[in-house]
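User: Hey, I've got a model open and I'd like to talk through its fold, its salt bridges and one of its pockets. Can you take my questions as they come?

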Amino acid sequence: MKAIRRFTVRPVLPDPLQPLSDLARNLRWSWHTETRELFQAVDPEIRAAAECDPVRLLGAVSAGRLAELARDEQFLHRLTEASQDLRNYLDGPRWYQEQLELGAGLPAAVAYFSPEFGVTAALPQYSGGLGILAGDHLKAASDLGVPLIGVGLLYRHGYFRQSLSRDGWQQEHYPVLDPNELPVTLVREADGTPSRVVLALPGGRSLHAHIWLARVGRVPLLMLDSDVEENAPGEREVTDRLYGGGSEHRLLQEMLLGIGGVRAVRTYCRLTGHPEPEVFHTNEGHAGFLGLERIRELSGTGLDFDSAMESVRAGTVFTTHTPVPAGIDRFDRELVARHFGDDGELPGVGVERILQLGMETYPGGEPGLFNMAVMGLRLAQRANGVSTLHGSVSREMFAGLWPGFDPAEVPITSVTNGVHAPTWVAPEVFRLRNRYGGTPGRWDSAAEVPDRELWELRRSLRAQLVTEVRERLHASWRARGAEPAELGWIDGVLDPDVLTIGFARRVPSYKRLTLMLRDRDRLRELLLHPDRPVQIVVAGKAHPADDGGKRLVQELVRFSDDPRVRHRIVFLPDYGMAMAQKLYPGCDVWLNNPLRPLEACGTSGMKAALNGCLNLSVLDGWWDEWFEPDFGWAIPTADGLALDEDRRDDLEAAALYELIEDRVAPRFYDRSGEEGLPERWIEMVRRTLGTLGPKVLAARMVGEYVERLYAPAARARRALDPGTARRLADWKARVRAAWPRVAVDHVEAVAPTAADGSAELGSALMLRVRVALGVLEPDDVEVQAVAGRVDAADGISDAQVFPLKPAGGQDLEGRWLYEGPLALDRTGPYGYTVRVLPAHPLLATGAEIGLVALPAEAAVDGAGVLMR
């Protein structure tokens with residue numbers, strides 16, 4: 001029989017065990033080994049069934065066992081220590097507080113919005129790298145003491161669970177998640193009623209949402225849930241699934257995340273006294289509507305739309321995670337228009353003003369579409385990609401928003417992602433490192449670990465993975481319909497002494513799950529090599545609507561089902577955090593072979609590296625930035641050749657096979673050292689841990705966000721009181737209106753050049769430039785010379801900027817004279833140009849407004865110099 005109603009009966013803990021409740025309700029347990037081990041000791045028999053979720057564990061443990069623990073002095077001592085450790089962690093000063101004491105001018109609080117958060121498998125609100133990154137961002141912020149407030153949605157079905165049919169086709173399952181069985185708490189008003197946010201919908205309808213709170217160490221994570229009684233059936237389903245539904249469903253999710261999320265933050269701060277955020281960080285474009293809600297708030301204080309937008313922009317950071325336009329949410333402009341204005345959200349704010357923020361008004365754009373990333377960039381004064389290469393790709397991709405500027409000057413910087421070591425590093429790795437002087441801030445202790453111990457650690461972790469794989473593979477085959485009697489072969493799957501390669505990703509086509517299958521005979525030879533065999537563990541989910549991705553999964557599964565190789569290659573369904581935490585430490589090599597440059601960052605290889613796993617990857621994302629031969633191998637790419645896709649994949653697959661066969665496997669199996677150990681391999685592991693490890697940490701990443709983005713955004717926001725915001729908005733409007741009359745009328749150079757047009761290194765050109773400013777004044781602009789090496793088409797590279805100074809007033813024709821030296825400090829073909837940019841103390845960069853005036857050819861007396 002099926003229950004007509006579901007509810008949760010909470011356990012009543014004996015008084016001595018009350019601290020268990022606080023420990024279970026703070027997700028710090030998910031990365032604090034001692035607390036996890038404490039909960040594992042509560043009832044070892046049921047902890048596996050509870051999937052190491054303390055809330056579920058406490059709900060399942062018997063009253064008798066609780067009474068027994070309440071008398072167990074040893075357990076109570078451990079409980080007291082864990083509870084005191086949590087209090088010290090939550091209340092003590094950390095890095096951020098030290099910076100505040102030094103007068104760093106940091107924001108009082110930061111609101112961090114993301115459509116998904118991967119904090120722990122016990123709170124399945126993530127689908128892939130974006131969510132895992134967001135979860136690691138919160139954890140690292142907590143460790144550093146950054147006063148962050150996370151904001152997301154609570155999906156009642158989370159992301160799908162994956163299984164396989166008998167013929168290897170991906171199947172999706174959406175388990176119902178009851179918030180009362182999750183490590184979250186309902187936010188309530190002072191009178192005990194649930195707090196809620198409300199959005200206005202077309203036709204007089206409303207979208208109500210409750211706010212659930214998850215405590216991620218020191219960081220509160222607010223999640224909005226539309227499954228409430230006040231909503232009609234359609235509105236109750238807005239937060240049903242992560243990345244599910246059609247366009248209107250997604251639009252409502254993103255309105256709730258952005259607009260409702262700001263309202264949830266205001267509610268939480270009102271109820272708790274938490275400082276109001278000075279900076280709002282949008283993790284990808286899904287939460288971009290938060291800027292509109294903040295404009296609405298300020299408009300209520302008397303600011304007009306443009307002035308309010310300047311204030312909002314100053315305090316907003318936007319992070320883009322996609323290197324391809326197809327990865328951005330775009331909505332039909334009429335759909336967006338229908339949900340705003342007097343019959344929807346933000347009444348009193350002109351719909352056309354809202355639409356202008358997201359319209360693709362640049363060359364190549366589609367004016368009929370509303371682009372969430374474009375809105376995010378227009379509403380944020382500071383933006384970044386998630387690796388150095390991705391920053392460059394993003395500047396190219398969004399260059400149309402800043403016409404007249406080279407992509408290198410597009411104001412999108414980069415902060416390379418990092419990963420949260422306590423979450424992803426095996427406890428055995430930490431324990432070994434700590435025995436030799438390692439601390440949370442010191443990773444070079446790996447240099448002190450003897451070869452034998454390091455190799456035994458790697459072998460032990462590999463053996464743990466073999467056990468895990470066999471258990472999961474057995475469960476998968478049973479779910480596919482196999483009988484126990486036909487699964488005896490699983491006991492021989494994988495070998496703890498064989499070189500183990502891991503590959504686990506989402507399965508969009510650009511990540512190329514099946515590149516390894518391009519030459520199946522050659523792959524079989526690698527797997528079955530008599531002296532240097534290789535074994536491969538693969539996992540990954542295709543999006544439910546992506547049949548192409550599902551076919552790739554099926555192709556890999558069918559190959560791995562082959563009795564000839566199934567003991568050497570396995571596909572594990574239902575990839576998630578719990579599996580990943582076993583997979584990364586147990587692999588010797590982490591494989592990543594995306595189409596370059598379509599991998600924004602690719603943090604899975606970082607997690608593997610922190611466990612001493614070497615990377616074998618295409619030079620994309622973070623690997624392009626930090627690859628060294630000490631850390632692994634770079635797969636050559638054919639991305640610069642005019643090849644069809646099949647030819648390109650054939651070439652890159654051949655390069656992959658060759659690397660494994662000629663370099664990776666021989667080094668792993670080379671036991672020529674005195675102790676019979678692979679000494680060169682161990683040295684690579686050591687350097688990966690000690691040198692690469694510190695670079696890939698989320699603490700480094702969050703510290704960069706604080707210093708390079710959050711602190712400048714807070715200072716910019718503080719500078720914009722209402723009067724200053726109005727003056728800045730008026731100045732921008734005046735400059736935009738006057739800019740068509742700004743021109744570079746004449747450029748001349750006085751230089752010690754030879755008869756052949758060359759000049760000596762170390763000399764200088766004296767530039768004289770006449771510019772027309774129309775109604776603008778010299779204080780409104782900056783006139784610059786831009787110089788550098790030139791190519792055959794006179795394109796300037798490695799450019800340097802030389803500001804030119806006014807030299808007197810206007811001439812009789814109303815032009816202004818600017819002068820200045822141009823230092824000739826490089827040899828070879830050299831060239832320059834001159835330009836005029838808007839200038840204001842409150843602009844983050846000269847390109848911020850997207851206006852530039854360049855000389856016409858007729859205005860230039862000689863534009864190039866050949867250096868000797």
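User: Of the contacts with a separation of 6 or more, what share comes from residues 24 or more positions apart?

Analyst: Keep in mind that this is a predicted model. Contacts in that set are split by how far apart the partners sit in sequence, and the cut here is 24 or more positions. The share on the far side of that cut is 72%.

User: How does the radius of gyration sit against the globule rule for 868 residues?

Analyst: The fold has 28 helices and 29 strands. The globule rule gives 29 Å for 868 residues, and the protein comes close to that, so it is as compact as a globular protein of that length. As for extent, the C-alpha trace spans about 95 × 75 × 50 Å along the principal axes. The radius of gyration itself is 30 Å.

User: What percentage of the residues is buried?

Analyst: Buried here is under 20% relative accessible area. Counting over the 868 residues of the protein, the buried part comes to 57%.

User: Which helices do the buried residues of H2 pack against?

Analyst: Helix H2 covers residues 33–40, and its buried residues are Thr33, Thr35, Leu38 and Phe39. Their packing partners are helices H1 (19–25), H4 (54–60), H6 (73–91) and H18 (427–435).

User: On to charges. How many salt bridges does a search of the whole structure find?

Analyst: Side chains of opposite charge can pair when their charged atoms come close. Searching the whole structure for such pairs gives 61 salt bridges.

User: How many residues apart in sequence are the parts that Arg270 and Glu189 tie together?

Analyst: Arg270 and Glu189 form a salt bridge, with 3.0 Å between the closest N and O atoms. Arg270 belongs to helix H10 (residues 247–272) while Glu189 is in the loop between strands E5 (185–186) and E6 (196–200), so the parts tied together are separated in sequence by 81 residues.

User: Is Arg270 exposed or buried?

Analyst: The cut-off for exposed is over 50% relative accessible area. Arg270 has 54%, whereas its partner Glu189 is partly exposed at 22%. Because 54% is over that cut-off, Arg270 counts as exposed.

User: Which residue does Arg266 meet in a salt bridge?

Analyst: The bridge has an N to O distance of 2.7 Å. It links helix H10, where Arg266 lies, to the loop between H10 and strand E9 (279–283), ten residues apart. Arg266 is partly exposed at 23% relative accessible area, and its partner is partly exposed at 37%. That partner is Glu276.

User: And what about Asp562, is it buried or exposed?

Analyst: Asp562 meets Arg564 in a salt bridge at 2.7 Å, N to O. With a relative accessibility of 14%, Asp562 is under the 20% cut-off, so it counts as buried.

User: Which residues are linked with Asp451 in a network of salt bridges?

Analyst: This one is a network rather than a lone pair. Linked with Asp451 are Asp630, Glu683, Arg686 and Arg687.

User: Now the second largest pocket: which helix gives the most to its lining?

Analyst: The pocket has a volume of about 1400 Å³ and is lined by 50 residues, with Ser127, Gly129, Leu130, Arg506 and Tyr510 nearest its centre. Helices H8 (129–144), H22 (577–586) and H23 (604–609) each supply at least two lining residues. With four residues, the top contributor is H8.

User: How many charged residues are in that lining?

Analyst: Sorted by class, the lining of the second largest pocket has 24 nonpolar and 14 polar residues. The charged ones number twelve.

Notes
Residues are numbered from 1 along each chain as its sequence is written. This is a predicted model: local features need pLDDT of at least 70, side-chain atom pairs count only at pLDDT 80 or more; totals for chains, interfaces and linings use all residues. Side-chain values use heavy atoms; hydrogens and water are left out. A salt bridge is a side-chain nitrogen of Lys or Arg within 4 Å of a carboxyl oxygen of Asp or Glu. Buried means under 20% relative accessible area, exposed over 50%, partly exposed in between (1.4 Å probe, protein chains only). On a 1 Å grid over the protein atoms alone, a cavity is a set of points where a 1.4 Å probe fits but cannot get out, and a pocket is an open set with protein on both sides within 12 Å along at least five of seven lines; lining residues have an atom within 4 Å of a point. Grid points are joined across faces, edges and corners, and a volume is the space filled by probe spheres set on the points. Ala, Val, Leu, Ile, Met, Phe, Trp, Tyr, Cys and Pro count as nonpolar, Asp, Glu, Lys and Arg as charged, and the others, Gly among them, as polar. The radius of gyration is taken over C-alpha atoms; the globule rule is 2.2 Å times the number of residues to the power 0.38. Contact means heavy atoms within 4.5 Å.
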